[in-house]
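Work through the empty spaces and the nonpolar cores of this protein. Try each task before reading its solution.

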Amino acid sequence: MEKCTRGYNWGVPALQGDTLRLSSAQNENSLLFELPLKSICEIQGSGREIAIGFADKSNAEGVTEIRFHVPPAAVFRGELASRLKPKKSKEDSSSDEDEEKASGDDESEEGQKNPAQVLLESLKEKCEQDTSGRAIAQLLDMQVLAPKARLDFDLFKTTMRVRGKKQSWMVTYADITQMFLLPAPDGVTRYLVLSLSKPLKQGQTPYYFLVLSFNENVLLGEEDPFRLTLTEEELNELNGKESGPKLSLQMTGPLFELVAKVLKVFSGAKVIGPSKFVSGTSKENLQVRSIACSLKAQPGSLFPLERSLIFLPKPCTYLRYDELKVVKFRNVGQRFFDVILVTRAAVMHELQSLDKSEYLPLVEWLKAKSVNLEGTKEEMYREQVAAMEDSSDDEEEDDDDFEGSVSSDSSANVDDEQDEQEDEDSKKKKKEKKHKEKKEDKDKEKHHKHHKHKHHKDKHKHKHKDKDKFSKHKSAGEDAGGKRAAEEKAESPAKAARTE
């Protein structure tokens, strides 16, 4: 076989045995590549595109997916070409052979099938035939919540094929690490969760958990039992284990129990059931094992298990207790509160709208599992739950709360009183300030007068000194003048008598 190395990206597909071959359009013997059908684990088709995924059995690097674009005028070879063309009568077939040779392979006939759909269906059939020849059991039209679809399950000896309308996956039992069989809060629905080491891909979204939904009331009786297409030797080989459930060729009972039992035997994975946790919303006739809440705006239920927490149905989130760094509580004391789960890898998962009746059961459960808690307020809720406490204790607690409320109210009153006192003080200060200003003005006046009087006194003293200089010179004249004046006074009455 000649290998093509020219870098073509267009070729002609053909199915030969257990391989898918893609060869050059010009030369059938020029091989581009071939794919073993046994390595295909996933087939998806959308419009003119077909995606093929491969099983990664080792950690080595390699091709994990190939996408084909199939145009409307695609050309096939071999068995695919016969499927692509419509069936014709023997009379028309001979006359059309010459026309086909003249027209060439690129020319398509009217009424032929969609090439992409033909290739997709052919690959699915081939892969199903190569699994183990026949399916041991089939589950048709099962309700799957993640990814949300109606899917068919074909159970083989070592693999399980999951088929949808446009998608198909191959899951090996070794990829199933563990399973969960949990009751929904409605008391009717059961969740069967398959934890996968290799995710199923729907477009670009990976799903590490396959969530199936069953109705508990669906029972399989003797008229329509759950059948396994196995021989007695094959059945004895499966039941050869000392421990674990035993299978039979025909089984009756609830459908969810039978499916979980078969998958447990085939995969060897452990089935984890509900814990002893009891929700605060439980009733006498119904014990709820989960907490109603929402994650990423999706309503669901949180299941506290013995070693882990799991949120269902979508997005399915599984966290072990040893992975949690801290669990934070928010809005405690209100009608609904929130819980933030913080992992050691610094990943946060916020659960919202948990009813306040779930607070005490959840806190006590997490404390028993040695989980670090933050933001809890147990006393507030214990007062609501403990209705039979002593009245004296209640009064003391009420008094404490009441004192706190009074302190808050009195602080407001104290602020008002301080404002009034500040107003009075300000008025007094203003009066004192005015009085002080007047006093200062008076003091200034006094000081100015005193200074003026002192200056006048000094000036007077200076003048007095000058007068003293002349007093000595005037003293003699003054004495003489005095004598003359005395004499004049003495003489004046005599003068007056004479005149009379």
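Two exercises follow, on cavities and on cores.

The model is predicted: local features need pLDDT of at least 70, side-chain atom pairs count only at pLDDT 80 or more, and totals for chains, interfaces and linings use all residues. Residues are numbered from 1 along each chain as its sequence is written, and side-chain values use heavy atoms, without hydrogens and water.

**Exercise 1.** Find the cavities of 30 Å³ or more and describe the lining of the largest cavity.

*Solution.*
- Set the term: on a 1 Å grid over the protein atoms alone, a cavity is a set of points where a 1.4 Å probe fits but cannot get out; lining residues have an atom within 4 Å of a point.
- Search the whole structure: two cavities turn up.
- Take the largest cavity: its volume (space filled by probe spheres set on the points) is about 60 Å³.
- Read its lining: Leu-295, Phe-311, Tyr-318 and His-349 are among the residues.
- Sort the lining: nine residues are nonpolar, two polar and none charged.

**Exercise 2.** Which residues have the most contacts inside the largest nonpolar core?

*Solution.*
- Set the terms: a nonpolar core joins buried Ala, Val, Leu, Ile, Met, Phe, Trp, Tyr and Cys residues through side-chain atoms within 4.5 Å; buried means under 20% relative accessible area (1.4 Å probe, protein chains only).
- Pick out the residues: Phe-153, Met-160, Leu-192, Phe-226 and Leu-263 lead in this core of 40 residues.
- Look beyond it: a second, separate core has 25 residues, including Leu-324 and Leu-351.

Terms used: 1 Å grid on protein atoms, 1.4 Å probe; cavity = no way out; pocket = protein on both sides within 12 Å on 5 of 7 lines; lining within 4 Å. Nonpolar A, V, L, I, M, F, W, Y, C, P; charged D, E, K, R; others polar. Buried < 20%, exposed > 50% of the residue type's maximum accessible area, 1.4 Å probe, protein only.
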